[in-house]
Each structure stands twice: as C-alpha cells, then as structure tokens.
Protein chains: 2
Amino acid sequence: MEKQNISSASFFIGKQGEGIISFGSGQPDLPPPKEVYSIYEKAPKIFRYGLIQGEENLRQALSKEHMGAHFDQFVITNGGSEALDLVFRVIAGQMKGGKVLLPRPYYYSYLPIIQFAGLKPVFTELVDGKIDIDDVRQKIKGCVAFLLNSPSNPTGRAQAPEIIQEIELLTKEAGAYLVADEVYKDLVYDGTHYSPKGNHVITIDSFSKTFALCGLRVGFIYTANKKIIESVVEMKVHTSMNTNLLAQEMALGALRAPKSFIDNQREIWRGRRDVIYQGLKDLGFDLWKPEGAFYVFPKVKDPEKIVSDLFYDHKVIVYNGSWFGAPDRIRLSYALDTDKIQEGLRRIETYLKSEPGILS
Amino acid sequence: MEKQNISSASFFIGKQGEGIISFGSGQPDLPPPKEVYSIYEKAPKIFRYGLIQGEENLRQALSKEHMGAHFDQFVITNGGSEALDLVFRVIAGQMKGGKVLLPRPYYYSYLPIIQFAGLKPVFTELVDGKIDIDDVRQKIKGCVAFLLNSPSNPTGRAQAPEIIQEIELLTKEAGAYLVADEVYKDLVYDGTHYSPKGNHVITIDSFSKTFALCGLRVGFIYTANKKIIESVVEMKVHTSMNTNLLAQEMALGALRAPKSFIDNQREIWRGRRDVIYQGLKDLGFDLWKPEGAFYVFPKVKDPEKIVSDLFYDHKVIVYNGSWFGAPDRIRLSYALDTDKIQEGLRRIETYLKSEPGILS
C-alpha cells in the first residue's frame, strides 16, 4: 500500500477487510436488538457506518445512467434537499457572502438554503415562466452561482435546451457555478431536456420524484468538479455521516426497474395534467399548460385568502404563490389520482361560486 | 377547525385524512417500482414524506424514556451529527459569531460543526480528563453555548453528576445554552450519569451507540425550549426534510427491546474495556481507565508516526489525538471482539519492540 499523509479520521472511514484491525471508528460491532429486525430480516450490514460519499454499487449504477460519468463524481445525500444544502455551504466556504442568481418564481426552499449558507440570493424574473437570457447575461457577472431548476417547481415550465446551453456558457464565462436542480428531469411531457455539463456544473438529483420515493430521502450530487466532491464529503462527514444504507439499497433497487416504469409514470402524469389544466381553465383560471414536473401555477388576485378559504371551508390544500416569490399565483400539485383531482376541482368550483369576482 | 394564519408551506406538511384533498405537497402518490420492495415487502407508507419533526409514535416512545418529557419536545434527525449541526446553525441564527465553550480534547466533528455554523469555538482544558469547573465559571460569560459530552469521545471519561449540575447552573446564569451530547449516556461503567435539565438545555442523543445502529442514521434533539424545536424544524424543512421513515420504524423497534439488552451490551463493553486497558498498561502506555463510552486515549510522543506506522506496517488503525485537540495522545476504539482486541495488542507489541523509546 502506498503511504499517504493521514491528516484526519476521514482517511480511515470505510477502511476494512484485508486483515486490518481497526481501533478507529467509534461504532459498536455488536448486533442491534432483534426488535429492529422484526420488520426487516436481513444481515446487519446496513447498520454499520457506510462510505460518506455513498455506497459504491449505487454510485456505479448512477454513473451508467450519466454518459461519461465516473462513480467518484457522485455523492449520495439525504434527498435533494441535503444535496442543495451541502453544495451551497461548500460554495459559501469558497466565497462568503457571494451572490447566487436564480429565476423567480423559485422553489420555496431555495432562499432559506442560500441564506442559511451565508450567500445572497439575487433574481432574474421569469417572463411567462421562461428565462430571459439577456437579463441573465447582465446579472450573472459577479455572481458565484446560478441556480437552475428545469422543469420547474412551482411553474411547471421547462426551459428549452438552447437556453440551458446558453446558461451553461454564460456561467462558465462568468466563473460561476451552474447548480442544476434536475429532480424533475424525467418528467418532461413535450420536447427534450438538456442536462448542462462542464467542470463548473453541479447537478442535484433525487430518487424522490422519478421513483416516488420521497420519504426514503435519497438524492445525489453529480459533478465532474473534484474539488466540490471532496469538499462536500468533508462537510458531510461532520454534518450527517453516510446516508441511510437501507435506503441506498432500495434506491439501487429502483435503478434496476425497467425504463418502461418511468415512461408509464410520465403518461399517468400527462393524463392528470390534462385533467387539471382543462378543469382549471374551464373554471376561469389563467394558467400555463405544464411542460414538466407536476404543478400548475394559476394567477389569482388574493392567494392568501384563497389558500385559507379553500383549506378551512372546503378541505382543499393549495399553496400560496408568495411562498415561491409569486404573490399573484397559487400552486396546485397534481400528484393525486384523477378522481381526487376532479373532486378537488368540484370543491374549488363551489368556492368560486360563493365568491364571485375572486379570480380577477 | 380553528383558523390559523397560514404563513408557509410547512403548515401543510403531514396534513392528510379527514376528507382533505391536497394539491399541496409535491410528492408523487404513485407507488415506487417493485424492484425497491424486493428487499422489503411492506406497504409504501414509508416512501411518503413524513413529519419533519419525526414520526409521532417514535417521539411518543422517546418521551416515555425521558421523565417529564412531551413528544413535542423531540426532533428526529439523521443521526446525532445532523442534530448537532441543526442546533448550532439555529443558535448561530440567534447570535451570529457567538462563542461556544467546549472542553478540550473534543470529538473531532465539534469544531467543523461549530465553525460551519459561523460560531467561534473557545476551550476549557480538561484536567486529567475532568472538567475544571472554575475555568468554566470564568470562561462561560459572554458565550452563547457550552458543549458538554459525558461520557466523552475521545477520552472515555465521565463527568460527575455534581459537575454536570454545576454546569447546568453556570450556563443558565450566563444566559447560555447547554448543549449536552449524550450519545454515550447508556455506556457508563461505574457511577451514575446525570442528564441536565432546563429551558436552556438542548440534549443530543442517538440510536447509533446504545442500539448499535450507526449506519441507520437516527438521532434526536430533546429540549423543553419550544423556540429551539420550532427553529430546528423550520430549518430541517429546507435542509433535509423528514428523516428516513423506515429507519424511524426500526428505531421504534429498538426502543421495544427489553432493558436487559442495554445492560448486556454494557457488560460486554466492560469486559473489553478491561482487556484493552490492562493490555495497553502492560505494554507501557500511560492511560486513563475508561469510565464510559468505548475509547481509550493513551499518551504517546509522536501520534502521527504511530498512526502511520501501525496502519501501513501492521494493519492496525488507531486515530491521532491531534484530530481531537490532543497532540500527545492516540485514540483506540474497543468496538471489536476480544479476540481482535488481543490480536491488535499483539501487533502493537511487535511494533513497540521494533521502535524502542517510541512511547516516552
């Protein structure tokens, strides 16, 4: 074995076998109580600390899904949320107080994550849900990162491949990272999705949406930037250690599903999209037809009142557009079966009749 | 239902049943691919988003283990690591750049966690592994928190109940939080452990050590301080969402184990402690007899050389005391069966013979 400088305990994490006796890691070798197994009868391997970067078999499987990727370019995280949080904390470590440019409306966790890290969000306003590339060109200068989410939560809009390519180029020229949150990339109904590439691109992805595994909390970071990978792992050693090993095993199972699984899901989403889009249009809402993800984002006059009335008086949950930076809209997720969507639409219709003029 | 102000999406997370139709949360309702289940044949409930604060049945079970506790005083986290990380980030949100007093030597993640949060670690030097209460009394003034870890990783020392009570009082008087990392509280060999109490006390605990569930990543925060609970939950919504639900179910299983499970574990640890303590003493090491946890922390002249030599030339992993703020020690975990401990001791003996004078 070639002798390397051993500068921290991280060096030893996951080192085992080959006759090694480890007085290193502070984890019990004893088995957990059998009551833990009552729901799962497998060997206790999953109860040991795993590699902070994620299990190698899962990263190998992911690398096969990403052309030209190597398994060392992935970090498995507690969902896309932790992936984003780690990435922005690492970026903040490189440039404290740096500006992050992102389109508005935005996913509601973006602002807190950027701000918790000590970075400063600045905005490019979406025009009809689409990125205004001239505005990006002007504002990207001096920013440490651009945060792209296409297809978008909450707008349901997808950006054209050539626009994403342009952003890939503009961020590169500006010396900024392009953080591409691609958790909805498999849910594009029309057209194609382009995944940006390059040493400055940091992709965030997740098993939650594509494979319907939200509660499992498995996401990942994918980047060719070795320094980012190293910094993320070095941070995760301290902030959460490995991602749950059983969850990683299940995620690996998901990757073994045939491609038809994703195609079938997409067709179900497409059918629901058509129902909710047409239904809301028929009720008089002004909204975009979703191109991806599973959200509609209609315009309304007073989202706060509508959210409250619908919840308390009609038991319908919709989200206030203000939480996404759009104080003139509400967001409806259509992750519901068609019967429920239709029942929800009927309740909304009843509400609208009781409040004439609430839409405009 | 009494109408409350609905100020963010967090309000709706976990709201279901009772005839509610939710266009809120962005999680697919479709089942995941069957390949995910190949290792676990249960209903897909665990794949849905759960309460950010943690499943109520697990928090109920925990509250029964803590006298006078209410289940709302717990947050379930991705291990003790995330618990610490969230707590210090929340404290930093209250007082940016505040000083955190902690005993040295310390667990190696403490410094990065405190620093990542934007806080400043300051130290009280342990005397023979014990807290110097007069030094704490002087230094606690102006600090935002004290970080206590008893029994301690890496020292294996436990602080006397009256010392912990004194720290409970001193921190209260100073208006500082007492963050009590109690992940080893069930591994005290002699004497009793005192768990500090009060509105200023934030307890960190984990299933990893007591129940040998490190890789499962389930820990928790316990505090009577409602504001801390709320702030932690509000942060975790964005930074990682709920903790893996299957892991929480397994943790609940662990709590159903009879108390004899923990007692039996402790006796196994005690036996191993005696073997490694006596073995290292016989080899000429200067070390404390561990009172808790499962670490010995002997003095050496050149830990860097010993760590490197033992690993590369004898396949024995020990940790450099410098990583814990003790540049004159090495740490050995005895989370190994006795045969392996003895084999490790033999290899160390061989090494010591090849390097006379390495110890002093």
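Guide: Welcome! Helices (H or I, at least four residues) and strands (E, at least two) are DSSP runs, numbered from the N terminus. Please keep in mind that this is a predicted model.

Visitor: Which residue just after α10(B) takes a positive phi?
Guide: Look in the loop between α10 and β10 of chain B. The residue there is not a glycine, yet its phi is near 55°. With 16 C-beta neighbours inside 10 Å, it counts as partly exposed. The residue is K315(B).

Visitor: How far apart are the end C-alpha atoms of α10(B)?
Guide: Start from what the helix should span: α10(B) has 12 residues, and at 1.5 Å a residue that gives 16 Å. The model agrees with this, as the end C-alpha atoms are separated by 15 Å.

Visitor: What arc do the buried residues of α10(B) cover around the axis?
Guide: The residues in question are P303(B), I306(B), V307(B), L310(B) and F311(B). They sit on the same side of α10(B), because the arc they cover is only 115°.

Visitor: Which elements do the buried residues of α10(B) pack against?
Guide: Those buried residues include I306(B) and L310(B). Their partners belong to chain B, and they are β10, β11 (319-320), β12 (330-333) and α11.

Visitor: Why do the buried residues of α11(B) line one face of the helix?
Guide: Helix α11(B) runs over residues 338-354 and reaches 24 Å, close to the 24 Å expected. Its buried residues are I341(B), G344(B), L345(B) and I348(B). An α-helix has 3.6 residues a turn, so residues three or four places apart point the same way. Seen down the axis of α11(B), the buried residues therefore line one face, falling within an arc of 100°.

Visitor: Which residues are exposed on the other side of α11(B)?
Guide: The buried residues of α11(B) pack against β1 (21-22) of chain A, and against α9 (259-282), α10 (303-314) and β10 (316-317) of chain B. On the other side, the exposed residues are D339(B), K353(B) and S354(B).

Visitor: Is α9(A) roughly parallel or roughly antiparallel to α11(A)?
Guide: The axes of the two helices come within 10 Å and cross at roughly 10°. Angles under 35 degrees count as roughly parallel. That makes α9(A), with respect to α11(A), roughly parallel.

Visitor: How do the residues of the contact of α9(A) with α11(A) divide?
Guide: From α9(A) come G271(A), R272(A), V275(A), I276(A) and G279(A), which meet T338(A), I341(A), Q342(A) and L345(A) of α11(A). By class, they divide into 4 nonpolar, 4 polar and 1 charged.

Visitor: Is R331(A) buried or exposed?
Guide: R331(A) belongs to strand β12 of chain A. Leaving aside neighbours within four places in sequence, its contacts include P154(A), Y295(A) and F297(A). A residue is buried if 20 or more other C-beta atoms lie within 10 Å of its own. R331(A) has 27 of them, so it is buried.

Visitor: What is omega for the peptide bond from N153(A) to P154(A)?
Guide: P154(A) is placed in the loop between β5 (143-149) and α6 (161-174) of chain A. The bond from N153(A) to P154(A) is cis, and its omega is near 25°.

How values were computed: Residues numbered from 1 in each chain as written. Chains lettered and ligands numbered in written order. Predicted model: local features only at pLDDT ≥ 70, side-chain atom pairs only at ≥ 80, totals over all residues. Expected span 1.5 Å × (residues − 1). Buried ≥ 20, exposed ≤ 12 C-beta atoms within 10 Å, placed from the backbone. Arc of directions from axis to C-beta. Contact = placed C-beta atoms within 7 Å. Axes fitted to C-alpha atoms, helices over the stretch in contact; angles between N-to-C directions. Parallel < 35°, antiparallel > 145°, perpendicular 65-115°, else oblique. Nonpolar A, V, L, I, M, F, W, Y, C, P; charged D, E, K, R; others polar.
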